[in-house]
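Visitor: Could you walk me through this one? I have a few quick questions.
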Amino acid sequence: MPVAPSSATKKLSRQHTRFSRLPVVDIRGLYSADERERAATARKLGDAARELGFSYVVGHRVPSAIIQQALGQSKSFFSLTFEEKMKVYIGLSKHHKGYVPEGEEVFSAGSKDLKEAFDLGLDLSPNDPEVLAGTPMLGPNVWPDLPGFREAIGAYYYAVSTMGQILFRGFAKALELPESYFDDFLTKPPSQLRLIHYPRNPDAVDGSGIGAHTDYECFTILLPTADGLEVMNGAGEWIDAPPVEGAFVVNIGDMLEVWTNGEFVATSHRVRSVQEERYSFAMFCMCDYHTLVQPLPPFVSAERPAQYESQIAGEHLFAQTAQSFSYIKKRIVAGELVLPDSAKPLASFGQEARHSMPKKEMS
C-alpha cells in the first residue's frame, strides 16, 4: 500500500533514552469517535515506542473476568502431570501449537529457558487454503482434555487480538500513516498467544530465566503476574519492569522496526530468574504471513537511507522460531524442513544487536 510522504521523512530515528522505568500510557482515547482524542493518545503511544520500545498500557477493554478465567485455566493445565501435558507436546503438531516443556526453547545465548509454556494461535480449519498450502505457523490449535480450557483461553485470545487491532491503528496514527494502514495486512495473521509458567524455585539466584531477545512479530501484549521482566535501555543497561495492576506491557517487535526504518526499535528484553512462581501471557501480534515488510517511504530519505532489507513477515517469524526450538532444529538437521534463504541469526534486531555489533552490520 503506497504511503504519501509526511513530515516524518525528515526525522532521524530517535535513540532510546537511558530510561529507568516504563511509562504508563492510557489508550482509552484510541477507542474514541473523536479524531483529535485518538491522535493525542497515539502521540503518547508513539513517544513510548520511539524512546523506549516498551510501555505499560491501561484503559484497554479486556474484561478482568476474561483475564481471571484464563489465568485459572492456565494454572489447571500446568498443574497436570508431565505425561498429561506431553500428550499435546508442540513437537507432535504440524502447525507449532501445543505444550512447550522446559528446555525446549533456546535463545541466542544458548542457555535453556527455565519455564514451560502452551502455544496457540488463530484456530484455522484443516481445510483453510493457507493450511492446505502448508503455510508454516498457520493451522488448527491443539487443546488439552481439560474442561473449560478451550473456551476460556479462546475468549482471552479474541479479546487481546481485538485490543491488538486497536493498537495497530494507534501505531499507524503515531507514525503519521493512514489510521487504517495496517488493516489490509491483518486478514489471517499468525499471531500467537503463549501461556507461560515459571515454577517456584526457592534456590533461584539472580540470573536469566529467559535469554535476552527481541520479539519477532510487530508488537507484543504481555500480562505478567510477578516480577522478573527486564528491559534494555538506550545505554545497554537492564531495567526492571514489574507488573502494574490493571496494565498490560506492550513492546515493539522486529517487523515494526523494519517498517519504520528504526523509528521504532524492537527493544531487547529478558526474564530474570526469581524464586516466586510466575505466570505470563504473551500475545505476539503479527501481520499476515505473506506480507512484504520493508522500510516505508516516509522513513527513508537521502539523509536517512534504508537500514533494513525487505522481509517476508512470516518467513522471518518461522526462521527465528526454527532457530530457537529444539524439535524444529532436529527436523532441519534431518532434512524434513529448510530455513528460508532470508533467515537471519537470532538477536539480529533491537538494542542487544546494536550494542553487540558495528552499525554497518545491522542491515
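Visitor: Is Met137 buried or exposed?

Guide: Met137 is buried, because its relative accessible area is 10%. Buried means under 20% relative accessible area, exposed over 50%, partly exposed in between, with a 1.4 Å probe and protein chains only. This is a predicted model: local features need pLDDT of at least 70, side-chain atom pairs count only at pLDDT 80 or more, and totals for chains, interfaces and linings use all residues. Residues are numbered from 1 along each chain as its sequence is written, and side-chain values use heavy atoms, with hydrogens and water left out.

Visitor: Where does Met137 sit?

Guide: In the loop between helix H4 (129–132) and H5. Helices (H or I, at least four residues) and strands (E, at least two) are DSSP runs, numbered from the N terminus. Phi of Met137 is near 75°, a positive value in a residue other than glycine. Most residues other than glycine have a negative phi.

Visitor: And what is phi for His96?

Guide: Near 60°, again positive in a residue other than glycine. His96 belongs to the loop between helix H3 (82–85) and S3. His96 counts as buried because its relative accessibility is 5%.

Visitor: What about Glu176, just after H5?

Guide: Glu176 takes a positive phi of about 60°. H5 itself covers residues 149–174, 26 in number. From first C-alpha to last, H5 reaches 37 Å, close to the 38 Å expected at 1.5 Å a residue. The expected span is 1.5 Å times one less than the number of residues.

Visitor: How does the span of H2 come out?

Guide: H2 (residues 64–78) has 15 residues, so it should span 21 Å at 1.5 Å a residue. Its end C-alpha atoms are 21 Å apart, which agrees.

Visitor: Which residues of H2 are buried?

Guide: Ile66, Ile67, Ala70, Leu71, Gln73, Ser74, Phe77 and Phe78. An α-helix has 3.6 residues a turn, so residues three or four places apart point the same way.

Visitor: Switching to strands. How many residues of S4 are buried?

Guide: Five of its five, across residues 116–120. Glu116, Phe118 and Leu120 are on one side, Ala117 and Asp119 on the other, and both faces are covered.

Visitor: What does S4 pair with?

Guide: Strand S3 (residues 98–100) joins S4 through three bridges and runs antiparallel to it. Gly98 stands opposite Asp119 in S4. S4 also pairs with S5 in the antiparallel sense, over five bridges. There Glu116 stands opposite His197 in S5. Two strands pair if DSSP finds at least two bridges between them.

Visitor: How many cavities of 30 Å³ or more are there?

Guide: Four. On a 1 Å grid over the protein atoms alone, a cavity is a set of points where a 1.4 Å probe fits but cannot get out, and lining residues have an atom within 4 Å of a point. The largest has a volume of about 380 Å³, taken as the space filled by probe spheres set on the points, with grid points joined across faces, edges and corners.

Visitor: Which residues are closest to its centre?

Guide: Of the 32 that line the largest cavity, Arg194, His213, Asp215, Ala282 and Phe284. Elements that each supply at least two lining residues include strand S5 (192–198), strand S12 (278–285) and helix H7 (313–322).

Visitor: Last one. What does the side chain of Asp254 contact?

Guide: The side chain of Thr214, through a polar contact of 2.8 Å. A polar contact is a pair of N or O atoms within 3.5 Å; within protein, one must be able to donate a hydrogen and the other to accept it, and residues adjacent in sequence count only if both atoms are side-chain atoms. Asp254 is in helix H6 (residues 254–259) and is buried, with a relative accessible area of 1%.

Methods. 1 Å grid on protein atoms, 1.4 Å probe; cavity = no way out; pocket = protein on both sides within 12 Å on 5 of 7 lines; lining within 4 Å.
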